[in-house]
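Here is a quick walk through a model you may want open on your screen while you read. Have a look at the structure below, and then we'll go through it piece by piece.

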Amino acid sequence: MAEPPHDRTTERPDRSPTARLEMSGIHVAFGGVTALEDVSLTVEPGQVHGLIGPNGAGKTTMFNVACGLVRPSSGRITWRGQELRRLRPAQLSKLGIARTLQGVALFPGMTVLENVMVGAHRHAKAGFFSALFAVPTADKDDERLRRRALDALAELDAVAYAERYPGSLPYPVQKRVALARALVAEPELLLLDEPASGLSEDEMHELGELIRVLCSRMSVLLVEHHMDLVMRVCDRITVLDSGKQIAVGTPEEIRADPAVTEAYLGDDVDVEADAAELSGGRHTAPAPAGTEEAPRG
Amino acid sequence: MSETQTPTGEPGAASDDAPSTATAAANASPARATGRRSFLPRLTLLRHLLILVVGAALAVLLLESTELNTNIKLGNVAYLAVAAGGLTLLTGLSGQISLGHGALMAVGAYTTALMLDVERGDEPPSLFLVFLAAIAATTVVGALVGVAAARLHGPYLAGATLALAVGIPGLALYFSDTLGGEQGITVRPPERPEWFDNAVEQLSGASGRGLNDKWVAYIAVACLLVTYFFLANLMRSRMGRTWRAVRDQEVAAELAGISLGSWRVLAFVVSAAAAGLAGAVLAIVVQLAAPGSFLPVLSLSLLTAVVIGGLGSLTGALLGSALLVFLPPWLIDIGRDVFDMEEAQASQASFVVYGLLLVVTMLFAPAGLVGTVRLALLRRRAARATAAAGGR
């Protein structure tokens, strides 16, 4: 109670991101099937990097490699000069990496506020014994997490839902709560997996603006189907097709790249229709296989 | 982002404000966004100490206003509830099942019995030390089991812990020289302090031979209160929230930086410590540690108590344990008096009725006693909120 509501800025005055995520020469094979072949990708500090490609191009696999859910058979992942390949997902959060899941994956048995407080796990200080004996500092620590969580919810216009259970909320609100849960950890790298799926035109527009605001304090890696969103918010884009990297560049360069057009058109996949289907019909659709149940070593 | 910021106002949405799964229905969410009015202090320590004092006063009232026979039964309720409290934390919060808590109780009971063996002539160690030793021994066993358990899920975990329930009491037969075999070890009753006699004399005027049983009942209830104080602290803290996250969504919990394995083991250790104390109290109450007290059916009864009461709720665990102790004799009485059955017949029938009651409860109130009440309250609150929103 004693703390000012916006203490986050005072804790770390300079919040401009400095760390770079570098993935190089990533190979992934599931059984005999090669999912990724020699893919490299660099997320520059403070930039929004898009990862696109037709269905089955390996976007989600690449994304899961970046956060440790899938281990590549070869290749290097460096973050702040540290090799990430051998890490388990639980350790990423300590390194300042947060991600959202394709399905919202909220904790159904907790209120929205508690959901977001779990996201602040890495900022918790009170340990087991202070909790066991209910030392007042443990309460104070939890109060701090609660304020952080409320701040994160406020940034996403979701404070009104703080005491509700996620199951009762519309899908777009659930997505915002899931995003708040990732943001409350104050990551330096945010991995967003299809954040626009299930959102309306307006909501998608607001999401785009939010991502531009976020990149002043973190780098963002974005996997997304909606081309217009990707083109609007990304600084750089990597295009995958059948597990191979076919183009890297600014949105303008990507739009002009003949290889990209061919990959999309030659695939018999109508990008717009594909995107429309994703945003329209499936409001509570479960995540396609590969996100939740990704094989973990 | 484009929706209205007030929660939806349609009447149909009222019931959606409750958690969607029965599992989570019984454990309250301690984190409140707005300072809701409550007569309890917000600070966990004050809040739980207050509840502890009120609980102690109620316990004294209950023990002094009932007969010796009921006193003994309340002692039984107390040790079952200590174990059930640990189990409700394990199963209700961290989402792991254990059919082996009876075996963990056996570890606590045998530790106690070895330290308080009647055949040993020397001065017995203080009860406090004995309890600590029992807790420590069980914690070690619990940690070992927990490390294995953290790798297992659902039916596999149930199977592995059930094996524990079957196996551990068998050790008493194998090492019959030290552990007393089938007969077990007789436990020396604890020394009754003089002030206790005087206090009871003042309160209810009881005196004489039954006082020792009364003293033991008081010890059991005190252990119950202290255990629940600690368990409630954990459940209300970040620990409880983290366990629930592990239970609800593994991948999301892991991405939040929670190491699933260590948190599962921690839950197992805490719950084993409670089971160890429960076993120690059992040994004091029945003054015996024998394999017959720790049949697999004890483990199953504990789980039943926890589920009937409402998973994840300490109140539920206490209610469930009380049902375990008081329901069967009550059913026998009804069978004998109302239906004119013979004692043995009534006793057999009571099992059938008991089982049926469990099945019916699970069918119509899968969230358990506490969970069902809490869901109803949440729905009423939500309905009132929508009514208020509509009236503006």
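## Strands, sheet and core

Strand 6 of chain A runs parallel to strand 7 (residues 189–193) of chain A, and 3 bridges join the two. If you want a spot to find this pair, look for A:Ile97, which stands opposite A:Leu189 in strand 7 of chain A. Keep in mind that this is a predicted model. Its scores are ipTM 0.84 and pTM 0.86.

Where does that pair sit in the bigger picture? Chain A has an open sheet of 6 strands in the order 6-7-8-3-9-10, with mixed pairing. Its edges are strand 6 (97–99) and strand 10 of chain A, each of which pairs on one side only. Going from one strand to the next, the twist averages 15 degrees.

At the strand 10 edge, chain A has a hairpin: strands 9 and 10 are linked with 2 residues between them, and A:Ser242 in the turn has a positive phi of about 45 degrees. These two strands pair in the antiparallel sense over 5 bridges. One of the residues to look for is A:Thr238, whose bridge partner in strand 10 of chain A is A:Val248.

Here are the two strand pairs side by side:

| Strand pair (chain A) | Sense | Bridges |
|---|---|---|
| Strand 6 and strand 7 (residues 189–193) | parallel | 3 bridges |
| Strand 9 (residues 236–241) and strand 10 (residues 244–249) | antiparallel | 5 bridges |

Stepping back, chain A has 12 helices and 10 strands. Of its 297 residues, 49% count as buried. Among the chain A contacts with a separation of 6 or more, 70% come from residues 24 or more positions apart.

Now for the nonpolar interior. The largest nonpolar core has 195 residues, and B:Ala78, B:Val82, B:Ala83, B:Ala220, B:Leu277 and B:Val281 have the most contacts inside it. Helix 11 (residues 260–286) of chain B gives the most to this core, with 19 residues. Chain A takes part too: the core draws at least three residues from each of its domain 1 (1–96 + 201–281) and domain 2 (106–186).

Which residues does B:Ala220 touch, leaving aside its neighbours within four places in sequence? They are B:Gly75, B:Ala78, B:Tyr79, B:Val281 and B:Val285.

One last word on confidence. Chain B has a mean pLDDT of 87, with 89% of its residues at 70 or more. Over residues 1–16 of chain B, though, the pLDDT is below 50, and this stretch has 31 contacts in the model beyond near neighbours in sequence. Where pLDDT is low, the predicted coordinates should not be read in detail.

Methods: Residues are numbered from 1 along each chain as its sequence is written. Chains are lettered from A and ligands numbered from 1 in the order in which they are written. This is a predicted model: local features need pLDDT of at least 70, side-chain atom pairs count only at pLDDT 80 or more; totals for chains, interfaces and linings use all residues. Two strands pair if DSSP finds at least two bridges between them. Helices (H or I, at least four residues) and strands (E, at least two) are DSSP runs, numbered from the N terminus. pLDDT is the predictor's confidence in each residue, from 0 to 100. Two residues are in contact if their C-beta atoms, placed from the backbone, lie within 7 Å. Axes are lines fitted to C-alpha atoms, for helices over the stretch in contact, and angles run from 0 to 180 degrees between N-to-C directions. A residue is buried if 20 or more other C-beta atoms lie within 10 Å of its own, exposed if 12 or fewer, and partly exposed in between; C-beta atoms are placed from the backbone. A nonpolar core is a set of buried Ala, Val, Leu, Ile, Met, Phe, Trp, Tyr and Cys residues joined through C-beta atoms within 7 Å. Domain bounds come from an automatic or database domain assignment.
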